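Thanks for coming. I will go through one model this morning, starting from a single residue and working outwards. Please have the sequence and the structure open.

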Amino acid sequence: MAWWVWVAGGFVLGIVEVLAPGYVFLGFALGALAIGLGLWTGLLALGLPAQIAVFALVSVVAWAVLRKVFPQQRGEVKRWTRDIND
């Protein structure tokens, strides 16, 4: 019955990611959604400590994949050469 808490937490973390972009909270959101969907479908029949451990593992893997897909560009400054109104 706790699956909806994980799914709601995933959606909240997804909203936080939209408000504070950086692909940090998106990994946690994907981890929470994975646990919630796993509990809902019955694939994960785990206690709370095991759920938290799997959440941490999935979140770290998702974060690492997102860092590879969307690398952070440090030291580069975006320069605009033309105005949007031109």
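Where is the place of V61? V61 sits in helix α3, residues 48-69. Helices here are DSSP runs of H or I with at least four residues, strands are runs of E with at least two, and both are numbered from the N terminus.

Before going on, some ground rules. This is a predicted model, in which local features need pLDDT of at least 70 and side-chain atom pairs count only at pLDDT 80 or more, while totals for chains, interfaces and linings use all residues. Residues are numbered from 1 along each chain as its sequence is written, and side-chain values use heavy atoms, with hydrogens and water left out.

Now the overall picture. The protein has three helices and zero strands, and from the N terminus on the order is α-α-α. Of the 86 residues, 20% are buried. Buried means under 20% relative accessible area, exposed means over 50%, and partly exposed is in between, with a 1.4 Å probe and protein chains only. The protein exposes about 6700 Å², and carbon and sulfur atoms supply 71% of that. Those areas come from the Shrake-Rupley method with a 1.4 Å probe; for residues, only the protein chains shown count as cover. As for contacts, meaning heavy atoms within 4.5 Å, take those with a separation of 6 or more: residues 24 or more positions apart account for 60% of them.

Back to V61. Its relative accessibility is 46%, so V61 counts as partly exposed. V61 belongs to a nonpolar surface patch with Y23, L57, V65, V69 and F70, and together they have about 530 Å² of accessible area. Patch residues have over 30% relative accessible area and no salt bridge; like charges are joined within 9 Å, and nonpolar side chains (Val, Leu, Ile, Met, Phe, Trp, Tyr) within 5 Å. A salt bridge is a side-chain nitrogen of Lys or Arg within 4 Å of a carboxyl oxygen of Asp or Glu.

Next, the interior. Which residues make up the largest nonpolar core? There are five: W6, A32, I35, L39 and F55. Helix α2, residues 25-41, gives the most to this core, with three residues. A nonpolar core is a set of buried Ala, Val, Leu, Ile, Met, Phe, Trp, Tyr and Cys residues joined through side-chain atoms within 4.5 Å. Within this core, A32 is in contact with W6 and F55, and also with V7, G9 and G10, leaving aside neighbours within four places in sequence. As background, nonpolar side chains in soluble globular proteins tend to be buried together.

On to the rings. The structure holds three aromatic pairs. Rings of Phe, Tyr and Trp (its six-membered ring) pair if their centres lie within 6.5 Å; planes under 30 degrees apart count as stacked, over 60 as edge-to-face and the rest as tilted. W3 and W40 have ring centres 5.8 Å apart and planes at 40°, so this pair is tilted. The pair links distant parts of the chain, with W3 in helix α1 (residues 3-19) and W40 in helix α2, 37 residues apart. W3 is partly exposed at 32%, and W40 is exposed at 53% relative accessible area. The pair of W6 and F55 is also tilted, because its centres are 5.3 Å apart and its planes are at 50°. W6 lies in helix α1 and F55 in helix α3, so that pair ties together parts 49 residues apart in sequence. Both W6 and F55 are buried. Ring pairs link W6, F28 and F55 into a cluster.

Last, the small residues. G27 is in helix α2, and at 0% relative accessibility G27 counts as buried. Beyond four places in sequence, G27 is in contact with S59, A62, W63 and L66. S59 lies in helix α3 and is buried at 2% relative accessibility. With the same sequence neighbours left out, S59 touches G27, F28 and G31. From C-alpha to C-alpha, G27 and G10 are 9.5 Å apart, with their positions 17 residues apart in sequence counted as separation. A8, in helix α1, is partly exposed at 35%. A8 and G36 are 28 residues apart in sequence, and their C-alpha atoms are 8.6 Å apart.
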